[in-house]
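Reader: I am new to this structure and would like to know what lies behind the terms used for it. Please take them one at a time.

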Amino acid sequence: MSTTRPYPPGDLGPESGGAGASAAPAAAIPAGQIRRLRLAGTRGAVARGRDFARQALHDWGWLPAAGADQRAAAEDVLLVVSELVTNACLHAEGPEELRLRCTGKVLRLEVSDLGAGSPAPRSPHRPGRPGGHGMFIVQRLCLDWGVVRNADGAGKTVWAELAAPS
């Protein structure tokens, strides 16, 4: 698990870039815009989360993709959303909420759940073995990721940050 950035969920810290420092392809991305999707008790949480993220990427100008780099960045976001929501479904009694926060440089994904466990990439990673690849994928695609426990001790938020396409 990554713990290199001690910022709580929703706080991108000093690396998030200042106003006007936009590497994203679309000027339509409002700085620090947050999208939330309540997933508690819903069926099809993974598909709903992916569709919600796809709509946000469309609204923020990532989709339709203008080129291969932008298309790859959007596909990475959708894959990481799928992995984080799937992990909450399989290992944490289901996801409570999906949050997306976009700045000019970074897209932060957060999935909150009520589970007690902490996700970690399987070590050693064995590509031929079925299952257990989700957090390895997250680790490979993201700038950083981590887990923040809820203050009341019930549950956690798993977060991941991806670079906006340049």
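Author: The expected span of a helix is 1.5 Å times one less than its number of residues. In this predicted model, helix α2 covers residues 68-91, 24 in number, and reaches 34 Å from its first C-alpha to its last. That is close to the 34 Å expected. After α2 comes Glu 93, whose phi is positive, near 65°.

Reader: Why is Cys 102 called buried or exposed?

Author: Buried means under 20% relative accessible area. Cys 102 has 0%, so Cys 102 is buried. Cys 142 has 10%, which is also under 20%, and therefore Cys 142 counts as buried.

Reader: How many disulfides are there?

Author: A disulfide needs a pair of cysteine sulfur atoms within 2.5 Å. By this rule the count is zero.

Reader: What makes a set of residues a nonpolar core?

Author: The members are buried residues of nonpolar kinds, Leu and Trp among them, joined through side-chain atoms within 4.5 Å. The largest such core has 34 residues, and Trp 62, Leu 84, Leu 100 and Leu 109 touch the most other members. Nine of the core residues come from α2, the largest share.

Reader: Which residues are closest to the centre of the largest pocket?

Author: The largest pocket has a volume of about 380 Å³. Its lining has 21 residues, with Asn 87, His 91, Pro 119, Ala 120 and Met 135 closest to the centre. Here too α2 gives the largest share, seven residues. By class, the lining holds nine nonpolar, eight polar and four charged residues.

Technical notes. Residues are numbered from 1 along each chain as its sequence is written. This is a predicted model: local features need pLDDT of at least 70, side-chain atom pairs count only at pLDDT 80 or more; totals for chains, interfaces and linings use all residues. Side-chain values use heavy atoms; hydrogens and water are left out. Helices (H or I, at least four residues) and strands (E, at least two) are DSSP runs, numbered from the N terminus. Buried means under 20% relative accessible area, exposed over 50%, partly exposed in between (1.4 Å probe, protein chains only). On a 1 Å grid over the protein atoms alone, a cavity is a set of points where a 1.4 Å probe fits but cannot get out, and a pocket is an open set with protein on both sides within 12 Å along at least five of seven lines; lining residues have an atom within 4 Å of a point. Grid points are joined across faces, edges and corners, and a volume is the space filled by probe spheres set on the points. Ala, Val, Leu, Ile, Met, Phe, Trp, Tyr, Cys and Pro count as nonpolar, Asp, Glu, Lys and Arg as charged, and the others, Gly among them, as polar.
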